[in-house]
Amino acid sequence: MTPEELRGEIQTLVAQYHDAAFAASPFVAGETPVPVSGKVFDGHELALLVDASLDFWLTTGRFADAFEPRFAALMGAGAARLCNSGSSANLLAVASLTSITLGDEALAPGDEVITCASGFPTTVTPLYQHGLVPVYVDVDPVTLNLDPTQLEAAIGPRTRGVMVAHTLGNPFDLDAVRALCDRHGLWLVEDCCDAVGSTYRDAPVGSFGALATTSFYPAHHITMGEGGCVLVNQPRLEKVVESFRDWGRDCWCAPGAENTCGRRFGWQLGELPFGYDHKYIYSHLGYNLKLTDMQAAVGLAQLDKLPGFITTRKANWQRLHDGFADLDALDIVLPTPNSDPAWFGFPLLVSDAAGFERFDLVEHLEAAKIATRLVFGGNLLRQPAFAGREHRRIGALPNADAVAERGLWIGCYPGLSAPMIDYTIDVIREFVAAPVIAPRRDRRGR
Ligand SMILES: Cc1ncc(COP(=O)(O)O)c(C=O)c1O
């Protein structure tokens, strides 16, 4: 048999394998787990993954090349550059804004970047890692996004950017943030890791900042297992992002390619001799954050499903919302005005007057096999890793404390069926009607 015929034969078996190995089992309330998130896939993902492995190209290749322009177009972005995680994408975004190619516009150690006190750590950690100073504004507990009324107060003489996430898929107030950035000449980096498919005034998130980032970890809107992407909305940043991702090199050849610039042995840069191989000239202190083509292949199959995923996330959020709307004990997080979120999860705060605490609800739900998550780091400044690091903050951040103390989210991802959601609604409604206070065992410290 020829390699092509064998490939066909293997793919027939892969389809059979998928149907045999991943058949869905019926939902049994109280026994089947109701996860917060997970990968939703069919035989197509497996087929492309095997196709990529049979190529044995291994590094970034034809599947990544096919993914990037399609994803950029879907996100309304100028270009997309894949990397190996959402955290790497955030690291690359910040590193790229320190590029020497940006001259006076480059971020320098000691410059300040405005962010939100409540969120995921790796939206903020690249700032510390680059010697930048985060300026924390409080969170709006209704939307879980940065409080736009604090933005102007956050500006100082060294403020150079805003880097913040669209929390759990809910877009932040882009009118306010874009206006602030335009007024003060600030860089905007949108962390869209949880918000692929969300829109603000009908435009996709990820199209507003100079750079934006996404994650393809299994919990996210589409998955590659591990994976991430930097969306680039300024052409001058495309090569910069690539350079930081690919060892810091000056050369922009794709893996396996040579002499894309047409003068591989015709450059003189730095103190190097004329004609030094461009492949080995480094213009940035870079990383290697590329992903493999197997990951990109899975992502490519997922892209076909993305519109359906987005519709289902919105419908699941709405079903949960309608199931709880009359409960005073729960403060449901609501879409930012002018936005249409492709929700990552269903967030809420246990209200002050609920008669129970978040701890009690979480214990009850977990016992009923309904998974819960907290709103990531809660108030990041209360996290051990953030203690004692240079920062500024606007006020005492009481709402970030409220999110840390009373916030949680449950799932609304496309893998949840209507019976799973209705079971979740029933369990929570019964709990709110007759709360059970869970025993506390104090195990402070390590
Ligand atoms: C807002 C936000 N940013 C960044 C990340 C990091 O993505 P990754 O897990 O792919 O590193 C996450 C992860 O869930 C996230 O929620």
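In this predicted model, the centres of domain 1 and domain 2 lie 27 Å apart, taken over C-alpha atoms. Domain 1 covers residues 49-294, and domain 2 covers residues 306-431. Where the two meet, domain 1 contributes 42 residues to the contact and domain 2 contributes 40 residues. On the domain 1 side, at least two residues each come from α5, β3, β4 (139-140), α6 (151-154) and β8 (199-200). Strand β3 has the largest share of that side, with 5 residues. Sorted by class, the side of domain 1 that touches domain 2 holds 24 nonpolar, 11 polar and 7 charged residues.

**The sheet and its helices**

Let us turn to the sheet. Here 8 strands line up as β1-β11-β10-β7-β6-β2-β3-β15, giving an open sheet with mixed pairing. Its edges are β1 (79-83) and β15, each of which pairs on one side only. The neighbour of β1 is β11 (residues 228-232); the two run antiparallel and are joined by 5 bridges. If you would like a pair to locate on screen, try R81, whose bridge partner in β11 is V230.

Helix α3 packs on the sheet and touches β1 and β11, with its direction at about 135 degrees to that of β1. Helix α4 also packs on the sheet. The strands α4 touches are β1, β7 (187-191), β10 (211-215) and β11, and its direction makes about 165 degrees with that of β10.

**Around the ligand**

For anyone setting up a pocket, the ligand is surrounded by 14 residues, and the closest are S85, G86, S87, C193 and S215. Two elements, α4 (86-96) and α5 (121-129), give two or more residues to this shell. Of the elements, α4 gives the most, with 3 residues. The shell comprises 4 nonpolar, 8 polar and 2 charged residues.

The same helix α4 that packs on the sheet thus reappears in the shell around the ligand. Helix α5 likewise has two roles, as it supplies residues to the ligand shell and to the side of domain 1 that touches domain 2.

Which residues of α5 are buried? They are T122, T123, V124, P126 and L127. Their cover includes α4 along with the strands β2 (112-116), β3 (133-137), β6 (159-165) and β7. Just after α5, G131 takes a positive phi of about 75 degrees.

**Positive phi beyond glycine**

Most residues other than glycine have a negative phi. Two residues in this model are worth a look against that background, and the table places each of them.

| Residue | Phi | Location |
|---|---|---|
| F56 | near 55 degrees | loop between α2 (43-55) and α3 (62-74) |
| K369 | about 70 degrees | loop between α10 (358-367) and β15 (392-393) |

How do their surroundings look? F56 has 7 other C-beta atoms within 10 Å, so it counts as exposed, given that exposed stands for 12 or fewer. K369 has 17 other C-beta atoms within 10 Å and is therefore partly exposed.

Both loops lead on to elements described above. The loop that holds F56 runs to α3, the helix that touches β1 and β11. The loop that holds K369 runs to β15, an edge strand of the sheet.

Definitions and conventions: Residues are numbered from 1 along each chain as its sequence is written. This is a predicted model: local features need pLDDT of at least 70, side-chain atom pairs count only at pLDDT 80 or more; totals for chains, interfaces and linings use all residues. A residue is near a molecule or strand if its C-beta atom, placed from the backbone, lies within 6 Å of it. Helices (H or I, at least four residues) and strands (E, at least two) are DSSP runs, numbered from the N terminus. Ala, Val, Leu, Ile, Met, Phe, Trp, Tyr, Cys and Pro count as nonpolar, Asp, Glu, Lys and Arg as charged, and the others, Gly among them, as polar. A residue is buried if 20 or more other C-beta atoms lie within 10 Å of its own, exposed if 12 or fewer, and partly exposed in between; C-beta atoms are placed from the backbone. Two strands pair if DSSP finds at least two bridges between them. Two residues are in contact if their C-beta atoms, placed from the backbone, lie within 7 Å. Axes are lines fitted to C-alpha atoms, for helices over the stretch in contact, and angles run from 0 to 180 degrees between N-to-C directions. Domain bounds come from an automatic or database domain assignment.
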